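Ready to practise reading a protein structure? Have the sequence and the 3D view at hand, and try each task before you look at its solution.

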Amino acid sequence: PITVTGLTNSTSYKFTVTATNALGTSSASADSNAVTPATVPGAPTIGTATAGNAQASVAFTAPVSNGGSAVTSYRVTATGGITATGSSSPITVTGLTNGTSYTFTVTATNTMGTGAASAASNTVTPLGPPGAPTIGTATPGIAQATVTFTPPSSNGGSAVTGYTVTSSPGNITGTGAASPITVTGLTNGVAYTFTVRATNAVGTGSASGASAAVTPSSGPPAIPTNFTGTGTASKTITLNWSENDPSVTGFTISRAEDFGFTLNIRTFTAGGAQRSYVDNTGLLSRRSYYYRIVANNAAGSSSYAEVKVIAP
């Protein structure tokens, strides 16, 4: 074959051929089929990039020359290599990191391949609402509770401006700039859990997990009832009691040994859900031991109940 150069892309051409020898040049062949030379498109003209939540929308205009073949697609590339494709402007690039700055370029593709990239766009920084805080502990008080938490791992690219703690039930809220936050207006004797959301200039993020349930109280709890002690094994005493006050967070049990005077005083603690305790620490067989128990909540401690037990 013979290659003819200097043609104009996008223009249709047909070709004839002549042969030459020492006596001259022949007549021309019949026309060939029609062909249209083409190449890759030119560079698009970049427009404006507009940031969103973990994404950006990039506008552009088509290249001046499509290279003689219609543009089939465009590709937008962010600094860092994240790309998105589309058939026209604008194209949205997703998967960006909030708080990180980006610029963008655009290329056009036709059947001949992909052309040169446009100039870089303006710089934009995607922003979104914060992530979810991590819930800590809730501590009950009188008609209130104080809730701790840690900030979200992501602030969405914009500084957190505040936090909102919400109760369940009731959707009673408390706000503040940092942990802890106290929620007031709760009903004494009702068990509550709490969640926390963070807010920045973009909006409010998702809620944390729920805290453990706590019960506000109007005062110290009721005295434990049915406080009994039984020698259950050699040098072992088991204590049992009843308590129906839902605000109780724990119990304090004291032990004393008495032979006309007090000695060997010890203190033990039990959790809020506990209703029994096994004492096998330093007991002597056939000795008398005296136990006192008080219930505790956020407002204080109850009066004590008392029992005397002889160790087996």
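The exercises below work through a predicted model, one region at a time.

**Exercise 1. A sheet and its edges**

Task: Find the order of the strands in the open sheet that contains E3, E4 and E7, and say which strands stand at the edges.

Solution:
- Start with E3 (residues 45-51), which pairs with E4 in the antiparallel sense over five bridges.
- Next, follow E4 to strand E7 (residues 91-94): these two are also antiparallel, with four bridges.
- The order is therefore E3-E4-E7.
- E3 and E7 each have a single partner strand, so one side of each is left without a neighbour in the sheet.
- From one strand to the next, the twist averages 25°.

**Exercise 2. Partners across the strands**

Task: Name the bridge partner of Ala 56 in E7, and describe the connection between E3 and E4.

Solution:
- On the E7 side, Ala 56 has Val 93 as its bridge partner.
- On the other side, Ala 51 has Ala 56 as its bridge partner in E4.
- Thr 50 stands opposite Ser 57 of E4.
- E3 and E4 form a hairpin, with three residues between them.
- In that turn, look for Ala 54, whose phi is positive, at about 60°.

**Exercise 3. Two faces of one strand**

Task: Sort the side chains of E4 by the face to which they point.

Solution:
- Begin with a general idea: in a regular strand, side chains alternate between the two faces of the sheet.
- One face of E4 takes Ala 56, Val 58 and Phe 60, and these are buried.
- The other face takes Gln 55, Ser 57, Ala 59 and Thr 61, which are not buried.
- Val 58 also belongs to a core of 17 residues that includes Val 76, Ile 91 and Val 93.

**Exercise 4. A pair of rings**

Task: Describe how Phe 60 and Tyr 74 are arranged, and what their pair ties together.

Solution:
- Two values are needed, because a pair of aromatic rings is described by the distance of the centres and the angle of the planes.
- For Phe 60 and Tyr 74 the centres are 4.9 Å apart, and the planes make an angle of 50°.
- Stacked means under 30 degrees and edge-to-face over 60, with the rest tilted, and this pair is tilted.
- Phe 60 lies in strand E4 (residues 55-61) and Tyr 74 in strand E5 (residues 73-78), so the pair ties together parts that are 14 residues apart in sequence.
- Both Phe 60 and Tyr 74 are buried.
- The model has eight aromatic pairs by this kind of count.

**Exercise 5. The largest nonpolar core**

Task: How many residues does the largest nonpolar core have, and which strand gives the largest share?

Solution:
- The core has 19 residues.
- Those with the most contacts inside the core are Phe 227, Ile 237, Leu 239, Trp 241, Ile 253 and Tyr 291.
- Five strands, E17 (236-242), E18 (250-258), E19 (262-271), E21 (288-297) and E23 (305-310), each supply at least two residues.
- E21 gives the largest share, four residues.
- Now zoom in on Trp 241: together with Phe 227 and Phe 251, this residue forms one aromatic cluster.
- Beyond its sequence neighbours within four places, Trp 241 is in contact with residues including Pro 224, Ile 253, Arg 275 and Ile 293.

**Exercise 6. Two loop residues**

Task: Decide for Thr 161 and for Ser 302: buried or exposed?

Solution:
- Thr 161 sits in the loop between strand E11 (144-150) and strand E12 (162-168).
- Its relative accessible area is 58%; the cut-off for exposed is over 50%, so Thr 161 is exposed.
- Leaving aside neighbours within four places in sequence, Thr 161 is in contact with Thr 199 and Asn 200.
- Thr 161 and Asn 200 are 39 residues apart in sequence, yet 5.1 Å apart in space, C-alpha to C-alpha.
- Ser 302 is in the loop between strand E22 (300-301) and E23.
- With a relative accessible area of 11%, and buried meaning under 20%, Ser 302 is therefore buried.
- Among the residues that Ser 302 touches, not counting those up to four places away in sequence, are Pro 220, Ile 223 and Val 294.

How values were computed: Residues numbered from 1 in each chain as written. Predicted model: local features only at pLDDT ≥ 70, side-chain atom pairs only at ≥ 80, totals over all residues. Heavy atoms only, no water. Phe/Tyr/Trp six-rings, centres within 6.5 Å; stacked < 30°, edge-to-face > 60°. Buried < 20%, exposed > 50% of the residue type's maximum accessible area, 1.4 Å probe, protein only. Pairing = 2+ DSSP bridges. Core = buried A, V, L, I, M, F, W, Y, C linked by side-chain atoms within 4.5 Å. Contact = heavy atoms within 4.5 Å. Axes fitted to C-alpha atoms, helices over the stretch in contact; angles between N-to-C directions.
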